[in-house]
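Biologist: Please take one part of this predicted model and look at it closely. Start with what packs around it, then work outwards.

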Amino acid sequence: MTARITQDEIKKQLEYCSELKEHFSYLDHPLAMVDTYGCQQNEADSEKIRGYLAEMGFAFTQDEFAADIIVINTCAVREHAEMRVLGNVGALNHTKKAKPDQIIAVCGCMVQQEHMTNKIKMSYPVVDMVFGPHELWRFPELLEEHLIRKRRIFATEKSSGAIAEGIPLRRDGKVKAWISIMYGCNNFCTYCIVPYVRGRERSRRPEDIVSEARQLVAEGYKDITVLGQNVNSYGKDLDCGVDFADLLAMINDIPGDFILRFMTSHPKDATEKLFRTMAQCGKCAHHIHLPVQSGNDTVLKRMNRNYTSADYLDKVALAREYMPDLVITTDIIVGFPGETDEQFEDTLKLCREVGYDAMFIFIYSKRLGTPAATMPDPFTREEKQVRFDKLTALSNEISGRKHRAYIGKTLRVLIDGETGKDEYNLSARTNGGRLVHLKGSPELIGSFREVKITDGNTWALYGEMEDA
Ligand code: SAH
Ligand code: SF4
Ligand code: F3S
């Protein structure tokens, strides 16, 4: 059974927030900076940290010299992400020197690894607080403890995780919103650190999710993405008879004009029922991010992905039967330990066959404590880079071709922001999540428009508003 943090406990955290507001009232304009690395789940977590900080009276800044408190929400998925975090944390020596009362907190997946917490403890004295994803719900309490006891806080106990409802949220923007529907992962792909730092799969109750979505629609949000490491296993721990497809249908039934998206789907759990539901639900985007990781069955087995390339291609074909206009995107790892050139060729072949609209390609990064970290890894970084470049070239070629095929078509898009450029000043997304650049008044942000596509390249589409 999934542990749940009680509402009394969250109420207590809000009381800490009031006390902290009092404490920080000596500052004229208390300012906080929250810097986020990693996936959208982490972005969603940062919205909770901002929610708590807003309750404490903080406004927000991107200027690390102006901030009274800095929270760095970290990612552990690849070494590169960790190096960036450590570099940026090291640089905070300067800001703290200029502002000695500044509070520096590092949280998130990276610090849920013991060796990283130890590293921060020993080598980064500038950091005042460290807390893992499982402790986020009691951030106000930890902050108060730091201030009262005047000592460094390290809250990174091992845990399989809990569910905490009712944490205040501070969202960026008024058009797009995320809802975490579940946390953790049970899949233990052999290369991946996520299950170790995020705990076991646990689902929020459908009524809590639907009521959050209803509120977002009432507030005028037009683009809602429901999040989980593997949304297809939503509800398996709940025993309430609602699976992911049912949940999509429930959100789709909320009255209002909005697009419903989701991230991420594990291919082994993507079902015909899901594809049918996507096709039937008018608000559900015809987009699926379906990470394949590799096109070779031996590699897939050694990755513990639990499907073959043929299973994957069958699912793609089935999904396209239900939605001929389906946009499919993927993640690929090149240079998994022992992956040969021939095995990599299978990945190229599969990618050509599927014809992905976009591909996110990563060079394998060794993660301490995962099974793949102990597998023989004879290929050099340079050899892996060659594969990466080949796959990137293929990905660009396919995306370019797919994008150019939109030219001349008229599509309904959601205008979601400004680009900062003069010529095409607005950005928009198609139902399938493709980026479109447009010209028009910023007042249109948040509205749906019919757009004629006039150009397309590897990265984006360009269009003109039909009714401008
Ligand atoms: N839960 C999601 C993925 C989360 S991590 C899913 O399974 O689809 C996002 C992507 O990072 C993964 O799909 C994978 O392609 C990549 N990734 C994860 N661990 C990695 C590692 N050790 N090295 C390189 N890439 C990795
Ligand atoms: Fe990592 Fe695999 Fe879980 Fe995705 S499904 S988070 S890749 S272990
Ligand atoms: Fe990174 Fe944690 Fe997300 S490791 S990818 S921030 S779940």
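**Helix H9 and its surroundings**

Modeller: The buried residues of H9 pack against helix H8 (244–252), strand S13 (259–263), strand S14 (287–289) and helix H11 (309–322). H9 itself spans residues 272–280, and its buried residues are Leu274, Phe275, Thr277 and Met278. Seen down the axis of H9, these residues fall within an arc of 165°, so they line one face of the helix. The general rule helps here. An α-helix has 3.6 residues a turn, so residues three or four places apart point the same way.

Next, the loop that leads into H9. Ala270 sits between S13 and H9. With a relative accessibility of 2%, Ala270 counts as buried, because the cut-off for buried is under 20%. Neighbours within four places in sequence aside, Ala270 is in contact with Asn232, Phe275, Leu290 and Lys315. Of these, Phe275 is one of the buried residues of H9. Lys315 falls within the residue range of H11 (309–322). The C-alpha atoms of Ala270 and Ala245 are 9.8 Å apart, with their positions 25 residues apart along the chain. Ala245 is one of the buried residues of H8.

The loop between S13 and H9 also holds Thr264. The peptide bond from Met263 to Thr264 is cis, and its omega is near -10°. That deserves a second look. Most residues other than glycine have a negative phi, and most peptide bonds are trans. Met263 is the residue at which S13 (259–263) ends.

Now to H8. Its buried residues are Phe244, Ala245, Leu247, Leu248, Ile251 and Asn252. They cover an arc of only 160° around the axis, which puts them on the same side of H8. The cover over these residues includes helix H7 (206–218), strand S12 (223–227), S13 and H9. H9 thus appears in the cover of H8, and H8 is listed among the partners of the buried residues of H9. S13 is on both lists, that of H8 and that of H9.

The loop before H8 brings in Ser233. It lies between S12 and H8. At 3% relative accessibility, Ser233 is buried. Residues up to four places away aside, Ser233 is in contact with Met182, Glu201 and Asp269. The C-alpha atoms of Ser233 and Glu47 are separated by 24 Å, and the two residues are 186 apart along the chain.

Follow the chain past H9 and S14. Gln293 lies in the loop between S14 and helix H10 (297–302). Its phi is near 70°, a positive value in a residue other than glycine. Gln293 is buried, at 7% relative accessible area. Phe188 also has a positive phi, of about 45°, and is not a glycine. Phe188 belongs to the loop between strand S10 (182–183) and helix H6 (194–198). With a relative accessible area of 29%, Phe188 is partly exposed. Gln293, in contrast, is buried. Met182, a contact of Ser233, falls within the range of S10 (182–183).

Further along is Glu339. This residue is found in the loop between strand S15 (327–334) and helix H12 (341–354). Its relative accessible area is 1%, so Glu339 is buried. Beyond four places in sequence, Glu339 touches Val299, Ile333, Val334, Phe344, Thr347, Phe379 and Arg387. Val299 falls within the range of H10 (297–302). Ile333 and Val334 fall within that of S15, and Phe344 and Thr347 within that of H12.

Last, the setting. The chain holds 13 helices and 21 strands. A compact globule of 468 residues would have a radius of gyration near 23 Å; the chain has 23 Å, which agrees. Its C-alpha atoms fill a box of roughly 60 × 60 × 50 Å along the principal axes. Buried residues make up 55% of the 468. Among contacts between residues at least 6 apart in sequence, 74% join residues at least 24 apart. The accessible surface comes to about 20,600 Å², and carbon and sulfur atoms account for 50% of it. The chain carries 60 positive and 68 negative charges, and the mean positions of the two sets are 2 Å apart.

Conventions. Residues numbered from 1 in each chain as written. Chains lettered and ligands numbered in written order. Predicted model: local features only at pLDDT ≥ 70, side-chain atom pairs only at ≥ 80, totals over all residues. Heavy atoms only, no water. Helix = DSSP H or I, 4+ residues; strand = E, 2+ residues; numbered from the N terminus. Rg over C-alpha atoms; globule rule 2.2 N^0.38 Å. Buried < 20%, exposed > 50% of the residue type's maximum accessible area, 1.4 Å probe, protein only. Contact = heavy atoms within 4.5 Å. Areas by Shrake-Rupley, 256 points an atom, 1.4 Å probe, with all protein chains shown as cover. Lys, Arg positive; Asp, Glu negative; His and termini not counted. Charge placed at Lys NZ, Arg CZ, Asp CG, Glu CD. Arc of directions from axis to C-beta.
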